[in-house]
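Trainee: Got a minute to walk through this model with me? I'd like the sheets, then the helix packing, then a single residue.
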Amino acid sequence: MATRTAAFYTNPLPCKHLEDYKLKHGLNGYRSLQKFLRATLNGRTSVKMSEYLIARCISCNGSQGRIFLCLVCSSFSCSTHILLHARSKISHDIAVDIERSELYCCMCNDQVYDPDFDRVVVSKIIMDMPSKTLTLEDNTRRSSKRRKLNSAVDLDLKKIEQLALSKDGRAKSCYPPGLRGLNNLGNTCFMNSVLQALVHAPPFKNYFLSDRHDRETCGKRSSDRLCLTCNMDAIVLSMFSGDRTPYNPAQFLYSCWRHSTNLASYEQQDAHEFFISVLDAIHENDRNEGSSNEENSGLEGRKAFIDWVFSGMLRSDLICMTCGFTSSTYDPFLDMSLDLNTTPVNLADRSITSKESTRRSTLLGCLDLFTMPEKLGSDEKLYCENCKEKRASLKQMSVRRLPLVLSLHIKRFEHSAVRKLSRKIDWHLPFPFTLDMTPYLSSSIISSRIGNRMFSFDSDEKDTAEFEIFAVITHSGRLESGHYVTYLRLRNQWYKCDDAWITEVDEEIVRASECYMLFYAR
């Protein structure tokens, strides 16, 4: 099976500008930069020209935000002026983000991935390891390694990373299983953030760790089309293999490109759109694969795997405002997209208490808004089966059945068709770590609507409606460009997953973050 995979798998190709740069300069720019790389013990690297020099943009003299170093002329530019620099100079297209030590194409306006650059960065980590943590034998081995690194950078990256791990001064073995960074392949933080959340969703990871998907017998894997479920299985097993070096998800990215052509580019994508696309692709793959497999026809089988983990059921009620007749429809959901309540609070309205005003700007306020009765406009009158004519109506949403993993998407990106403008809502949205969804269940909504009268309600919800948070995806930056990061809650400790970098953080950092997607498990 490995041979078949290798036949059609390659790393994502670099952009044309990077190819032109390497054709003209080779690896000289990488080697020259290497002496200015500063590595911490956990493998995080940055570019520092001098202990006393503050990197400032040559155009505005600014030093805040993202600063880039041109690999051709070694000048600094901020994110606002980096394109201006590239256009004003011939072939000054490739730069390095000095804070993250990642390649950046000024003309493409995004990150680019080059394994040769990775080798230079990782070899620097080897050479900068403190000698006091090494034995005499280790020192001899490292000196030999350094001589080889100085003569060439085409060393096997995996071997270098394994050596770096064995010399790591931090006791990373104390990290929970599955905690592993993901390499950014060129503006793929949207993918990395979603993968971290998926891999640590309890029933999702358990499905793969218990060998429920057999890559050897999967009928969907062929030389013509990659099986996305097989690739997900490989990622989960690799993340929980015990290896702490950053994992390269290039094969998964390539598989996603084959399944969703709209994602096949190095441009920044929306993490929520990617999340839905991945779940849809895995669901479609396993539904087709499991349709002829009678053993897996149960709820927890492969046929209904994604449904079993992520799928819930929404109830939509249309209520006649004349006679009260209610018609209901039911729709499955993989996640709930919640609007932020942007309606200004009327301070003169004494019916709104300060507690209610505060709640409106929280996650619970978003859920309240989602399930609030909405009066349809006069041009949206609907036919009432009881009145036998079109009547003014109310529409109300509720949750009929909750999934095992509840995914909540906060609509932070607004698009105005009238003004033809888009903007990002940067509000801080407080969210609870423990979420009780009982008030939003159909049974609760209907009971509240009809008062204390006796009624019969056939509910699919038999289990607890209380959830605990385990992952938060955040977005920082502007609408057209930004960065995704995932916070994971493992063993009551929060970890920040910023592409290849994993760091422990306090829960106050998570609570203050700009949440974009929230993941809760029962």
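Mentor: Start with an open sheet of four antiparallel strands, in the order β9-β8-β14-β11. Strands are DSSP runs of E, at least two residues, and helices are runs of H or I, at least four, numbered from the N terminus. Strands pair if DSSP finds at least two bridges between them.

Trainee: Which strands are at the edge there?
Mentor: β9 (326-333) and β11 (374-375), and each pairs on one side only.

Trainee: Hang on, is this predicted or experimental, and what gets filtered?
Mentor: It is a predicted model: local features need pLDDT of at least 70, side-chain atom pairs count only at pLDDT 80 or more, and totals for chains, interfaces and linings use all residues. Residues are numbered from 1 along each chain as its sequence is written, and side-chain values use heavy atoms, with hydrogens and water left out.

Trainee: Back to the sheet. How many bridges link β8 and β14?
Mentor: Eight, in the antiparallel sense, between β8 (residues 312-320) and β14 (residues 393-401). Within that pairing, Leu-318 stands opposite Lys-395 in β14.

Trainee: What packs on that sheet?
Mentor: Helix α16 (residues 442-450) does, touching β8, β9 and β14. Contact means heavy atoms within 4.5 Å. The direction of α16 makes about 145° with that of β14. Axes are lines fitted to C-alpha atoms, for helices over the stretch in contact, and angles run from 0 to 180 degrees between N-to-C directions.

Trainee: What about the β4-β3-β5-β6-β7 sheet?
Mentor: That open sheet has five strands, with antiparallel pairing. β4 (76-78) and β7 (110-111) are the edges with a single partner strand each, so one side of each has no neighbour in the sheet. Inside, β3 (residues 67-70) and β5 (residues 94-97) pair antiparallel over three bridges. Cys-70 has Ala-95 of β5 as its bridge partner.

Trainee: On to helices. How do α9 and α10 cross?
Mentor: The axes of α9 (residues 202-209) and α10 come within 9 Å and cross at roughly 95°. They are therefore roughly perpendicular. The classes: under 35 degrees is roughly parallel, over 145 roughly antiparallel, 65 to 115 roughly perpendicular, and the rest oblique.

Trainee: Which residues make the contact?
Mentor: From α9, Phe-204, Lys-205, Phe-208 and Leu-209. From α10, Thr-229, Met-232, Asp-233, Val-236 and Leu-237. By class, six are nonpolar, one polar and two charged. Ala, Val, Leu, Ile, Met, Phe, Trp, Tyr, Cys and Pro count as nonpolar, Asp, Glu, Lys and Arg as charged, and the others, Gly among them, as polar.

Trainee: And what does α8 do with α10?
Mentor: Helix α8 (residues 189-199) packs on α10 at about 75°, axes 11 Å apart. So these two are roughly perpendicular. Leu-195, Gln-196, Leu-198 and Val-199 of α8 meet Met-232, Ile-235, Val-236 and Met-239 of α10. That contact has seven nonpolar, one polar and no charged residues.

Trainee: Now Asp-243. Buried or exposed?
Mentor: Asp-243 is buried, because its relative accessibility is 16%. The cut-offs are under 20% relative accessible area for buried, over 50% for exposed, and partly exposed in between (1.4 Å probe, protein chains only). Asp-243 lies in the loop between α10 (228-239) and α11 (250-259).

Trainee: What does its side chain touch?
Mentor: The Asp-243 side chain makes polar contacts with the side chains of Arg-180 (3.2 Å) and Thr-245 (2.8 Å). A polar contact is a pair of N or O atoms within 3.5 Å; within protein, one must be able to donate a hydrogen and the other to accept it, and residues adjacent in sequence count only if both atoms are side-chain atoms.
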